[in-house]
Amino acid sequence: MITLLAFIVAIALLVVFHEFGHYWVARRCGVKVLRFSIGFGNVVYSKRFAGSDTEWVISSIPLGGYVKMVDEREEEVAPEDLPYAFNRKPVLQRMVIVAAGPVANFILAIVLYWGLFVHGVPGLKPTLGDVTPDSPAAIAQMQSGETILSINGEPVPSWQELHWKLMELALDRGEVRIETRSPGGTLQNHSLDMSGIGAKDLDSDFLDKLGLHPYQPVVLPVIGE
């Protein structure tokens with residue numbers, strides 16, 4: 001049920017921005033908009049604001065929406081509304097009105113991703129746990145408890161980012177410069193040899209083959225509440 005509601009909310013959000021893109025540009029181009037509908041089917045709620053030609057509607061099937069404009073190709077148009085008909089606007093304006101919906105969704109995606117990255121997402125700190133003996137990490141003298149700060153000079157904020165950066169560099173099969181900070185706060189540099197990593201190793205967790213494992217503190221089974 002939660003998944004279904006989340007789906008409906010997501011669709012409704014996309015539809016609102018998509019149709020509002022059409023509506024906003026149509027109004028800027030002098031097209032008269034008769035109805036702005038969220039959903040299809042029977043009208044559940046309708047509102048017309050004072051001084052507005054547009055009827056704002058919520059319909060029964062929340063899987064889309066539409067903006068109804070004055071258009072001679074769809075129905076007879078009153079003579080006084082002819083200058084505001086969509087079909088009488090220049091081709092360029094009609095193209096812009098049609099494209100405004102997808103562009104609005106594109107802008108929405110940018111804003112949502114911006115908000116997501118500003119807020120941040122949960123991530124595992126790139127602190128090393130047990131280093132496998134005789135592994136490339138052990139040969140590079142990397143030790144348990146070190147926190148990885150950067151790879152080839154690029155900051156590494158999380159274990160997930162560490163995984164992706166090393167995967168990008170794995171096919172080069174060369175040495176990678178890794179800067180770490182010891183538990184005591186000392187900065188150290190390591191040269192990790194990745195020549196033993198092949199393409200077939202990328203299908204599994206190739207960090208195991210490098211001898212790298214995330215630090216996982218022991219969580220005692222103590223009841224909180």
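**View 1. S150 and P155 pair up where β3 meets β4.** Let's start with this predicted model at one pair of residues: the bridge partner of S150 in β4 is P155. Two bridges hold the match here, in the sense that β3 and β4 pair over 2 bridges, and the pairing is antiparallel. Strand β3 covers residues 147–151, while β4 is made of residues 154–155.

**View 2. Four strands make an open sheet.** Zoom out a little and you can read off the strand order, β4-β3-β5-β6, with antiparallel pairing. Look at β4 and β6 here: they stand at the edges with a single partner strand each, so one side of each has no neighbour in the sheet. Helix α4, residues 159–170, lies across β3, β4 and β5. Its direction makes an angle of about 40° with β3.

**View 3. Strand β5 sits between β3 and β6 in the sheet order.** On one side, β5 is joined to β3 by 4 bridges, and the two run antiparallel. Find I151 and you'll see I178 of β5 standing opposite. On the other side, 7 bridges join β5 to β6, again antiparallel. One pair to look for there is R181 with its bridge partner L187 in β6.

**View 4. β5 has one covered face and one uncovered face.** Which residues of β5 are on the covered face? They are V176, I178 and T180. The uncovered face has E175, R177, E179 and R181. If you're wondering about the every-other-residue pattern, side chains in a regular strand alternate between the two faces of the sheet.

**View 5. G185 is in the hairpin of β5 and β6.** Between these two strands there are 5 residues. Among the details to spot is G185, which takes a positive phi near 100°.

**View 6. E146 is buried and has no salt bridge.** This residue is found in the loop between α3 (136–139) and β3. Where is the nearest side chain of opposite charge? That's R181, 10 Å away. What E146 does have is a polar contact of 3.3 Å between its side chain and that of H190. A polar atom of the E146 side chain also lies 3.1 Å from the backbone nitrogen of Q143. Leaving aside neighbours within four places in sequence, E146 is in contact with several residues, including P126, T127, L128, T180, S182 and Q188.

How values were computed
Residues are numbered from 1 along each chain as its sequence is written. This is a predicted model: local features need pLDDT of at least 70, side-chain atom pairs count only at pLDDT 80 or more; totals for chains, interfaces and linings use all residues. Side-chain values use heavy atoms; hydrogens and water are left out. Buried means under 20% relative accessible area, exposed over 50%, partly exposed in between (1.4 Å probe, protein chains only). Lys and Arg count as positive and Asp and Glu as negative; His and the chain ends are not counted. A salt bridge is a side-chain nitrogen of Lys or Arg within 4 Å of a carboxyl oxygen of Asp or Glu. A polar contact is a pair of N or O atoms within 3.5 Å; within protein, one must be able to donate a hydrogen and the other to accept it, and residues adjacent in sequence count only if both atoms are side-chain atoms. Contact means heavy atoms within 4.5 Å. Two strands pair if DSSP finds at least two bridges between them. Axes are lines fitted to C-alpha atoms, for helices over the stretch in contact, and angles run from 0 to 180 degrees between N-to-C directions.
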